[in-house]
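Reader: I have a model to go through with you. Please keep the answers short, and give the cut-offs as the terms come up.

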Amino acid sequence: MRRLLHIYYEMRKICISLTAIIVVWLFGACANEVKDISLADAAYEAWVNDSSLIKMAVMPTLDCLPLYVAAEHGMFERHGASVSLYPYDAQMDCDTALKDGWVNAMATDLVRAERLKSQGMKLTYLTATDLHWQLVASKMARIKRLNQIEHKMVAMTRYSATAMLVDNLVDTVKVDNDHVFRVQVNDLGVRLSMLENQVMDLLLLPEPQATAARELDANVLYDTRQNDIAMGVVVLNDTTIADTTLCKRQVEAFLKAYDEACDSINNRGILFYRDVIMNRCKVKPSIVDSIPSDYQFSPSHLPLQKDVDRAEKWLKREKK
């Protein structure tokens, strides 16, 4: 009898302990949900209260550095531009934010911009940017030459310049198109972690993620600068600003601030803005220190027609 009672009380204690654990877990889950809701509410309130005329989606990439410098060093304000930057980790998220009206401008590439325009969105090109990509190969993939990309996986983003570049490279080296496996990895941080964990053969990366890849002994197979391909742009959905005169003034002020930021970076060097790159691009100090010191930023200018034509031609090919 005593043994049965002992077993009963032991089982009761176990049940009570398990119940307590479940209650704590449920409470924690509810608390996290409440926290997430409150954070979402706070973000929405901040967006509603943001009086900026230009609300721009940006990426953690080096081509956005002039935008970050202009924002953090008061250049937009000094020139009378009302600009707020909204950071995203994937180009598709920037597209969504633009479509849903959370932002009215973004840093992107010509393929994505031309695709949005073909879908009826009225976009104005504010300036081209110094965005370029490198195709890097994991050291475990043992790929030394472009013609070895057949039967390999490559991380890219659909309907973007990276997808166009993969197609162009496949055509160039004349391998079977169906034997190069495109894997959609939109988040740049995830894309880089796949290289770190050796789960991806090939990746198309911008700076400073490309520098991070080289630090991991990735082999660089191709750089868009080899073919003078310039696909980076900043676009504005100017229909969201009702006053066309005000919109024109804002664009002019934005471009003046952008040019000042480019001049400052070029004159002072990348490392002068080391902390900005670390914080905004989410990379370690050693990565920033390894970015080529001759990296230069061009003053504001419209994208070249040949690059716009390149994007349009590829998009037409995709529709077939």
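Author: A disulfide here is a pair of cysteine sulfur atoms within 2.5 Å. This is a predicted model: local features need pLDDT of at least 70, side-chain atom pairs count only at pLDDT 80 or more, and totals for chains, interfaces and linings use all residues. Residues are numbered from 1 along each chain as its sequence is written, and side-chain values use heavy atoms, with hydrogens and water left out.

Reader: How many disulfides does that rule give?
Author: A disulfide is a covalent bond between the sulfur atoms of two cysteines. By the distance rule, the count is zero.

Reader: Why does cysteine 94 form no bond with the closest cysteine sulfur?
Author: The closest cysteine sulfur belongs to cysteine 64. It is too far for a bond, because the distance from the sulfur of cysteine 94 is 8.0 Å.

Reader: Is cysteine 247 buried or exposed?
Author: Buried means under 20% relative accessible area, exposed over 50%, partly exposed in between, with a 1.4 Å probe and protein chains only. Cysteine 94 has 1% relative accessibility, so cysteine 94 is buried. Cysteine 247 has 9%, so cysteine 247 counts as buried.

Reader: How many helices and strands does the protein have?
Author: Both are DSSP runs numbered from the N terminus: helices are H or I with at least four residues, strands are E with at least two. The protein comes to twelve helices and ten strands.

Reader: What is the strand order in the sheet that holds strand 1?
Author: Strands pair if DSSP finds at least two bridges between them. This open sheet has five strands and mixed pairing, in the order 2-1-3-10-4. Its edge strands, each pairing on one side only, are strand 2 (83-87) and strand 4 (124-128).

Reader: Which residue in strand 2 is the bridge partner of valine 58?
Author: Strand 1 (residues 54-58) and strand 2 run parallel, joined by five bridges. The partner of valine 58 is proline 87.

Reader: At what angle does helix 4 run to strand 3?
Author: Axes are lines fitted to C-alpha atoms, for helices over the stretch in contact, and angles run from 0 to 180 degrees between N-to-C directions. Contact means heavy atoms within 4.5 Å. Helix 4 (residues 91-99) lies across strand 1 and strand 3 (105-109), and its angle to strand 3 is about 145°.

Reader: What is the order in the sheet that holds strand 5?
Author: This sheet is open, with five strands and mixed pairing, ordered 7-6-8-5-9. Its edge strands are strand 7 (180-184) and strand 9 (219-223). From one strand to the next, the twist averages 30°.

Reader: Which residue in strand 9 pairs with glutamine 134?
Author: Strand 5 (residues 133-137) pairs with strand 9 in the antiparallel sense, over four bridges. The bridge partner of glutamine 134 is aspartate 223.

Reader: Which helix contributes the largest share of the largest nonpolar core?
Author: A nonpolar core is a set of buried Ala, Val, Leu, Ile, Met, Phe, Trp, Tyr and Cys residues joined through side-chain atoms within 4.5 Å. The largest has 54 residues, and Met56, Leu65, Leu67, Phe254 and Ile277 touch the most other members. The largest share, nine residues, comes from helix 9 (residues 244-268).

Reader: How many residues are in the second core?
Author: The second core is separate. Its members include Leu110, Ala161, Leu188 and Met231, and its size is 48 residues.

Reader: What percentage of the protein's residues count as buried?
Author: The protein has 320 residues. The buried share is 46%.
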